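Me: I have a model open and want a close look at a single part. Take me through the metal site, then the pockets.

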Amino acid sequence: MKDTATLIKAVHFAADRHRDQRRKDKGATPYINHPVSLAHILTDEGGIDDIDVLCAALLHDTIEDTDTTAEELRTHFGERITSIVLEVTDDITRHWTVRKQTQIDHAPYLSHEAKLVKLADKISNLRDLLAFPPHDWATERRHAYVDFTSAVVAGLRGTNARLEAAFDALVARRVEIA
Ligand code: ZN
């Protein structure tokens with residue numbers, strides 16, 4: 001029961017913090033669909049039932065993309081969940097090219113839990129790119145994004161075979177990118 005309550009608290013917290021944000025696809029999907037998809041990928045495709053990993057997945061963009069602080073997450077969700085979220089949070093004071101390279105460089109050194117969240121994040125983003133391409137991204141940028149996510153995932157291998165296979169199946173569909 002405690003686990004279920006924590007999980008629902010994380011869904012509620014993330015939905016509240018992302019309430020005014022939309023994804024970049026044509027239909028402007030509510031942002032919260034993204035963190036929820038990570039949690040679903042982890043349970044449904046990765047077979048993950050670690051509540052802290054699932055909560056971290058739900059909360060993974062709250063520090064990076066909303067005004068949520070690490071201190072707030074610590075207060076509400078404790079140290080383990082917060083530290084996983086911090087591991088997958090980019091330093092937004094850095095230029096995006098630096099952030100991308102840092103993601104690639106740091107991937108192999110993330111904790112097992114953070115690697116799971118990162119894998120689900122890349123699967124979710126790539127799936128969205130294929131299903132609902134961002135309307136303002138040229139073909140070249142879409143392909144560059146596949147290259148970038150592949151470089152990050154290269155550093156996450158050996159973490160969860162099913163998630164890695166799901167990612168590879170998406171990369172194999174890159175020919176569909178127009
Ligand atoms: Zn994300």
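Reply: What follows covers the metal site, the two pockets and one helix residue. Keep in mind that this is a predicted model.

Start with the metal. The zinc ion has three named ligands: His34 through NE2, His60 through NE2 and Asp121 through OD. The coordination distances run from 2.1 to 2.2 Å. Along the chain, the donors of the zinc ion are spaced as H-x25-H-x60-D. His60 sits in the loop between α3 (51–59) and α4 (62–65), and Asp121 belongs to helix α7 (residues 112–131), so this pair ties together parts that are 61 residues apart in sequence. Is His60 buried or exposed? His60 is buried, and Asp121 is buried too.

Next, the largest pocket. Its space comes to about 930 Å³. The lining of the largest pocket consists of 30 residues. Nearest the centre of this pocket are Arg23, Lys24, Asn125, Trp137 and Tyr145. Which helices supply at least two residues each to the lining? They are α4, α6 (96–106), α7 and α8 (139–154). Helix α7 gives the most, with six residues. Asp121, the zinc ligand, also lies in helix α7. By class, the lining of the largest pocket splits into 15 charged, eleven nonpolar and four polar residues.

Now the second largest pocket. Its volume is about 190 Å³. Here 14 residues make up the lining. Thr89, Asp90, Thr102, Gln103 and His106 lie nearest the centre of the second largest pocket. Helix α6 contributes the largest share of this lining, five residues. Helix α6 is also among the helices that each supply at least two residues to the largest pocket's lining. In the second largest pocket, the classes are six charged, four polar and four nonpolar residues.

Last, a residue in another helix. Thr82 is part of helix α5 (residues 70–87). How much relative accessible area does Thr82 have? The value is 0%, under the 20% cut-off, so Thr82 counts as buried. What does Thr82 touch, leaving out residues up to four places away in sequence? The contacts of Thr82 are Ala70, Leu73 and Arg74.

To recap the metal site: His34, His60 and Asp121 coordinate the zinc ion, and both His60 and Asp121 are buried. For the pockets, α7 gives the most to the lining of the largest, while α6 gives the largest share to the lining of the second largest.

How values were computed. Residues numbered from 1 in each chain as written. Predicted model: local features only at pLDDT ≥ 70, side-chain atom pairs only at ≥ 80, totals over all residues. Heavy atoms only, no water. Donors = N, O, S within 2.8 Å, 3.2 Å for Na, K, Ca; no water. Helix = DSSP H or I, 4+ residues; strand = E, 2+ residues; numbered from the N terminus. Buried < 20%, exposed > 50% of the residue type's maximum accessible area, 1.4 Å probe, protein only. 1 Å grid on protein atoms, 1.4 Å probe; cavity = no way out; pocket = protein on both sides within 12 Å on 5 of 7 lines; lining within 4 Å. Points joined across faces, edges and corners; volume = space filled by probe spheres on them. Nonpolar A, V, L, I, M, F, W, Y, C, P; charged D, E, K, R; others polar. Contact = heavy atoms within 4.5 Å.
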